[in-house]
Amino acid sequence: MIVLLFGPPGVGKGTQADLIIKNFNYVKFSMGDVLREEVALGSPVGKEVEKSMKQGVLAPDNIIFDIVSDFLLENKPAPILFDGFPRNINQALNLEKTTAQLSLVIDHAIEMTIPEESVIQRLVNRRYCPNCGAIYNLVTNPPRKEGLCDQCSERLIQRPDDNETTIRKRLQIYRDETKPLTDYYKSLNLYRPVDARGTQEEVFQRITQCLNGNRQ
Ligand code: AMP
């Protein structure tokens, strides 16, 4: 069982992915988190993807495919939630091929949707904890103590790609490369749109309905 979660940067995918794994029996795979870890480690993969990430463009598909197939082979029997993968049609086609080879089935491709103006505001105010991955928003979901993680007291940081120039670039990449996944997954009857406006709980309720098989 495989669920795909996609949507523009800043729509709240990471937050919803965390709620899904807390409440359902999925193993989460966040491509952005995996790549950030590789960059932090200074690994060969990290060195290759660092520039693309800083610029807000997609990392090369061949690197992404290798990471995904290793992950699928290791976690094959578990229900898997992909956050931030696939991000273009080529990646979606490759995922089809790999899942077919491993006799795995994609159940839902959930797209979180939001007006573009809102995501810029969300992203410039986003902070995250480099230790436990908790995500905050200085306006809508601030930490209890300024600058510190509620869960582990680590100092919160801003992602280097959460500045307005890079955000606009990432939104353009989303429109050009990722948005075509909507029609692709519609054609496979896997497409589930979810309105990402409202509170985290409201959005999670909508996602839960999809996962339980009730369309919006
Ligand atoms: P995210 O944390 O999902 O916003 O991803 C941060 C950055 O990681 C993106 O702007 C890309 O540079 C890279 N990235 C994440 N997922 C992918 C993917 N599936 N394909 C290529 N690059 C990716």
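Modeller: Let me start with a term: helices (H or I, at least four residues) and strands (E, at least two) are DSSP runs, numbered from the N terminus. This is a predicted model, in which local features need pLDDT of at least 70 and side-chain atom pairs count only at pLDDT 80 or more, while totals for chains, interfaces and linings use all residues. Residues are numbered from 1 along each chain as its sequence is written, and side-chain values use heavy atoms, with hydrogens and water left out.

Colleague: Thanks! Let's go to the ligand. Which helix gives the most to the shell around it?

Modeller: That is α2, with 4 residues. Both α2 (31-41) and α3 (44-55) supply at least two residues of the shell.

Colleague: And how many residues surround the ligand altogether?

Modeller: There are 17, and the closest are Arg 36, Val 57, Ala 59, Arg 87 and Gln 91. A residue is counted as near the ligand if one of its heavy atoms lies within 4 Å of it.

Colleague: How does that shell divide into nonpolar, polar and charged?

Modeller: You get 8 nonpolar, 4 polar and 5 charged residues. In this scheme Ala, Val, Leu, Ile, Met, Phe, Trp, Tyr, Cys and Pro are nonpolar, Asp, Glu, Lys and Arg are charged, and the others, Gly among them, are polar.

Colleague: Which side chain has an N or O atom 2.9 Å from a nitrogen atom of the ligand?

Modeller: That one belongs to Gln 91. Ligand oxygen atoms also have partners: one is 3.0 Å from a side-chain N or O atom of Arg 36, and one is 3.1 Å from such an atom of Arg 159. A polar contact is a pair of N or O atoms within 3.5 Å; within protein, one must be able to donate a hydrogen and the other to accept it, and residues adjacent in sequence count only if both atoms are side-chain atoms.

Colleague: What percentage of the ligand's accessible area does the protein cover?

Modeller: It covers 96% of the 480 Å² that the ligand has on its own. The areas come from the Shrake-Rupley method with a 1.4 Å probe, and for residues only the protein chains shown count as cover.

Colleague: New topic, then. How many residues does the largest nonpolar core have?

Modeller: It has 30, and Val 68, Leu 72, Phe 82, Leu 95 and Tyr 185 have the most contacts inside it. Its largest share, 6 residues, comes from α4, a helix that spans 61-75. A core here is a set of buried Ala, Val, Leu, Ile, Met, Phe, Trp, Tyr and Cys residues joined through side-chain atoms within 4.5 Å. Buried means under 20% relative accessible area, exposed over 50%, and partly exposed in between (1.4 Å probe, protein chains only).

Colleague: What does Phe 82 touch?

Modeller: Not counting residues up to four places away in sequence, its partners include Ile 2, Leu 4, Phe 29, Phe 71 and Leu 95. Contact means heavy atoms within 4.5 Å.

Colleague: Let's try Val 119. Is that residue buried or exposed?

Modeller: Val 119 counts as buried because its relative accessible area is 1%. You will find Val 119 in helix α6 (residues 116-124). Leaving aside neighbours within four places in sequence, Val 119 is in contact with Pro 9, Gly 10, Val 11, Ile 114 and Leu 171.

Colleague: And where is Gln 16 found?

Modeller: Gln 16 is in helix α1 (residues 13-23). Gln 16 is buried too, at a relative accessible area of 3%. A polar atom of the Gln 16 side chain lies 3.1 Å from the backbone oxygen of Gln 200.

Colleague: Now the loops. Which peptide bond is cis, with omega near -5 degrees?

Modeller: The one from Phe 85 to Pro 86. Pro 86 is in the loop between β3 and α5.

Colleague: What about phi of Ser 103?

Modeller: Phi is near 55 degrees there, a positive value in a residue other than glycine. Ser 103 is in the loop between α5 and β4 and counts as exposed because its relative accessibility is 65%.

Colleague: Last one: where does Cys 152 lie?

Modeller: Cys 152 is in the loop between β6 (135-137) and α7 (164-178). With 30% relative accessibility, Cys 152 is partly exposed. Beyond neighbours within four places in sequence, Cys 152 is in contact with Cys 129, Asn 131 and Cys 132.
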